[in-house]
Amino acid sequence: MAETESGANATGYRVLARKYRPRTFPDLIGQEAMVRTLTNAFASGRIAQGFMLTGVRGVGKTTTARLIARALNYGEKPTIDMPDYGPHCEAILESRHMDVIEMDAASNTGVDNMREIIDSVRYAPVQARYKVYIIDEVHMLSKSAFNALLKTLEEPPPHVKFIFATTEINKVPVTILSRCQRFDLKRLDAALLASHYAGIAVKEGVEAEADALAMIARAAEGSVRDGLSLLDQAIAYGEGRVKAADVSSMLGLMDRSRIIDLFAAVMAGNAKAAIEEIEAQYRSGGDPATILSDLADYVHWVTRLKVVKDGALADTSRTEAEKTRGQDHAQKCGIAHLTRAWSMLLKGIREAELHSDPLMAAEMVLIRLAHAAELPGGEELAKLVKQAQPSGERVVPISARELLRGNSEGPAESQAALAVKPQASMPAAPTETRAFSSLQDLLALATEKRDIKLKTDLETLIRPIRVAPGQFELALEAGAHPGLPGEIARKLEAFTGMRWMVMVAKDGGTKPVARQRQENRDSLFITAREHPDVQAVLKRFPGAEIIDVKVPDAAILPPNVSESDEEPR
């Protein structure tokens, strides 16, 4: 092609995303699995009649479709190995070949458009070996259009191939998917993108800083095309040089070291310093929502350093400041504090994006973060409470999954989740389920047979009186239907292989299991609230409340009802 080194040709400048569009399969970076599958398929002659390419924007779906069309019509037979340009290659890659028909489903959604394709597939290609139909954003076709295409897609003429591309694979009917060979194009990681952009900068004769390319790669979010567009913009912005400071200003990003300073202020509980820092970043051109997003990214980075340190440090897209200071923060910050900060930031980013004054919303998020950072974790709180007990008072141990959980929707101290371990031993459920001497045996049988309706009926609609093998005496609750005893008898006979006599009494029996369970839980809540440790927590954190009590199942199950024991044990 008559294209100069700078990217200009007879029609003027060509953007990087078009100039460096892959022209052979080895040029497709990050898609090795797909390339290998296609290579083997073409080599063995096992070429599908339809291909479905899916992935996020800018990962190369349309480019891959054109490469497949080129491979189908290359040389003497279809092949992935295309070292030179054949008679059809250039026209196919530039979307101007008469036998390779590209169609945008967004503007051709109806059944009439599909009928045009169906009518034209009968005719042989004019120049190439195969007539190839490339339909982009295929998920936007109407239901009737999909239905019209089904038969032709399943049994097309030997000279026809279909290639579909979509960003929303879940909207494509399974009847279409089952007739295609599917390839999921991967989102590229930032390190691979940064390396790719560095190579392009060298080819363009542009001096580019590594940190600047890393920023572009992160902003691209896995899309090669998006990153190339940003690189194009950065070259113009920096007058031929790509510098980190320029890219940061261009993207509305802040120096990563300033984001780290903001993190340090927040996690130290210094709300004043955090507010001053975000205001300074805002005056320098930073977008509040973007600043919070960068802060969330750093929280995730510190958490990775804490959990998978070696793997995290291998990330070449991270700056030296992030690696050095991040390791220090990973040592000082607990997982509970980091995960709480992450959850609060996710909600806060949304608030900043929707609020009429993003800075105001972002400042409130930072204040909540700083306030939450001062709160102790669950284990620390348990120790503080025990230390605060009067001398000589017996302290009953608390089993806490999380004694205090920060809430991003309000002050972090406003809620507390308490898990109390009961001190009294409770009778365990019977281990022999085939004895059928209690209601618990029947409930276990219903659970084993996965009969949810029977289990629910036994728990809510009957009052058990006596259970023995083949016999079940009960009283019905007011809401039970008259045919329930017969239904229970039939199911028990089917499950056990023995005849069951279900006798109905007008009165008597213990309370339904569901009601007993609820009353037991209510009692445990009252017991938990009166517990000295819990009272100490509620007193230390005004406004806190008990939202759940975690106990062993045996503690809330109702007592068994057996043949020899009509009253609850």
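Which residue in β11 is the bridge partner of A468? The partner is Q471, and this pair offers a good way into a small sheet in what is a predicted model. Residues are numbered from 1 along each chain as its sequence is written, local features need pLDDT of at least 70, side-chain atom pairs count only at pLDDT 80 or more, and totals for chains, interfaces and linings use all residues. Side-chain values use heavy atoms, with hydrogens and water left out.

Strand β10 covers residues 462-468 and strand β11 residues 471-476; helices (H or I, at least four residues) and strands (E, at least two) are DSSP runs, numbered from the N terminus. Six bridges link β10 and β11 in the antiparallel sense, where pairing requires that DSSP finds at least two bridges between two strands. The two strands form a hairpin with two residues between them, and G470 in its turn has a positive phi of about 85°.

On to the next neighbour: β11 runs parallel to strand β12 (residues 501-505), joined by five bridges. Here Q471 appears again, with M501 as its bridge partner in β12, while A475 stands opposite A505.

Together, three strands make an open sheet of mixed pairing, in the order β10-β11-β12. Its edge strands, β10 and β12, each pair on one side only. Helix α20 (residues 439-448) packs on the sheet and touches β10 and β11, contact being heavy atoms within 4.5 Å. The direction of α20 makes about 100° with that of β10; axes are lines fitted to C-alpha atoms, for helices over the stretch in contact, and angles run from 0 to 180 degrees between N-to-C directions.
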